[in-house]
Amino acid sequence: MFTADITEEITQAACAAKINPAALLAVVEVESAGKFFARVNGRDEPLIRFECHYFDRRLSDDQRGIAREAGISSPIAGKVPNPRGQEERWNLLDRAAAFSRPAALESVSWGIGQIMGAHWKALGFASVEEMTELARSGAAGQIRLLILFLEKNGLIPLLNARDWAAFARRYNGPGYRRFAYDSKLAIAYARHMAASNSGSVDDTVKALQNALSAKGFQAAPTGIFDAATRAALIAFQKSAGLAADGIAGPKTWAALRKSAEMPSAEPNWLLAFFHFIAGLFGWRKS
């Protein structure tokens, strides 16, 4: 999805901002599909999207009428469709800038975080030009812009708590469920967590394996959620009349606890779920 250099850059920026690196990687992946740049006029440029209704609100009455006739302004969101290609979108931005460059730059979402230029003042920039320069400065600039937005809008605690629904609602708006943003974030997070912990031993998984073995469903206590562990878990769930989904949720742990000696601390069943996802898609080697 990302090059090693980009992954490292996102990870370092996340650590500096006290964000779970896997969570920030998940946001970048979902928002950008892993793509940072498009080649436009011989230069690597951030991906953009022009919002005609933002532009319409920022024009004078005289400018607005002409821009509407030219097909680059409308009071209705999405009325002016964005071209599929980034080069064509940048050309659309240039056409808008001929009316008003500040209005045009404010009406574009910039880079991996799709941050609207209209937020420049709230993010602490002296001008929309300054924000635009950061977005166009490279991968580090785009990452910094995204983190600034997360910080200023109080979204980092939601990320670190992995409250994907609350984060998606705040970041993508009330229609986030329509596009399953929360589910996409959770899956991406699981994958990045699995990659960062590849080959490591997890105590929660080991506790699960010991509990399954105590119930007669053999799972070697390796601490790695492999195919054998998943098969044992599903077999146990079937025998206990539970949903055989291979996810060690609260009901599964409760059933295991009835006769198996469990640790006094509550197991992190959500982390076990992430290991399940990793094992299911082959992200973690057994």
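Two residues are said to be in contact here when heavy atoms of one come within 4.5 Å of heavy atoms of the other. Keep that in mind as we walk through this structure, which is a predicted model.

Let's start with a pair of helices. In α2, the residues L24, V27 and V28 meet L146, I147 and L150 of α8. Sort the residues of this contact by character and you get six nonpolar, no polar and no charged. How do the two helices lie relative to each other? Two packed helices are described by the angle between their axes and the distance between the axes. Helix α2 covers residues 21–32 and helix α8 covers residues 139–152; their axes come within 12 Å and cross at roughly 110°. That makes α2 roughly perpendicular to α8, because angles from 65 to 115 degrees count that way. As for its hand, the crossing of α2 and α8 is right-handed.

While we're at α8, have a look at L148, another residue of this helix. L148 has a relative accessible area of 11%, so it counts as buried. What does L148 touch, once its neighbours within four places in sequence are left aside? The answer is L123 and F125. You can also check L148 against I115: the two sit 33 residues apart along the chain, and their C-alpha atoms are separated by 9.9 Å.

Now for the charged side chains. How many salt bridges does the model hold? The count comes to eleven, and a few of them deserve a closer look.

One of them pairs E51 with R49, where the closest N and O atoms are 3.1 Å apart. Is E51 buried or exposed? With a relative accessibility of 15%, E51 counts as buried. Its partner R49 is partly exposed, at 34% relative accessible area.

Another salt bridge brings together the side chains of E106 and R58, at 2.7 Å from N to O. This pair links distant parts of the chain: E106 belongs to helix α6 (residues 101–106), while R58 is in the loop between α3 (52–57) and α4 (61–69), 48 residues apart. E106 has a relative accessible area of 16% and is therefore buried. R58, on the other hand, is partly exposed, with 28%.

Helix α6 turns up again in the next pair. R101 forms a salt bridge with E129, and here the closest N and O atoms are 2.6 Å apart. Because R101 lies in helix α6 and E129 in helix α7 (residues 128–135), the pair ties together parts that are 28 residues apart in sequence. What about their accessibility? R101 is partly exposed, with a relative accessible area of 38%, and E129 is partly exposed too, at 28%. Salt bridges can also link up through shared partners, and that is how D56, D61, R64 and R68 are joined into one network.

Our last stop is H53, which you'll find in helix α3. Is H53 buried or exposed? Its relative accessibility is 16%, so H53 counts as buried. Which residues is H53 in contact with, leaving aside its neighbours within four places in sequence? They are S74, P75, I76 and A77.

Methods:
Residues are numbered from 1 along each chain as its sequence is written. This is a predicted model: local features need pLDDT of at least 70, side-chain atom pairs count only at pLDDT 80 or more; totals for chains, interfaces and linings use all residues. Side-chain values use heavy atoms; hydrogens and water are left out. Axes are lines fitted to C-alpha atoms, for helices over the stretch in contact, and angles run from 0 to 180 degrees between N-to-C directions. Helices (H or I, at least four residues) and strands (E, at least two) are DSSP runs, numbered from the N terminus. Angles under 35 degrees count as roughly parallel, over 145 as roughly antiparallel, 65 to 115 as roughly perpendicular and the rest as oblique. A crossing is left-handed if the near helix is turned anticlockwise from the far one by less than a right angle, and right-handed if clockwise. Ala, Val, Leu, Ile, Met, Phe, Trp, Tyr, Cys and Pro count as nonpolar, Asp, Glu, Lys and Arg as charged, and the others, Gly among them, as polar. A salt bridge is a side-chain nitrogen of Lys or Arg within 4 Å of a carboxyl oxygen of Asp or Glu. Buried means under 20% relative accessible area, exposed over 50%, partly exposed in between (1.4 Å probe, protein chains only).
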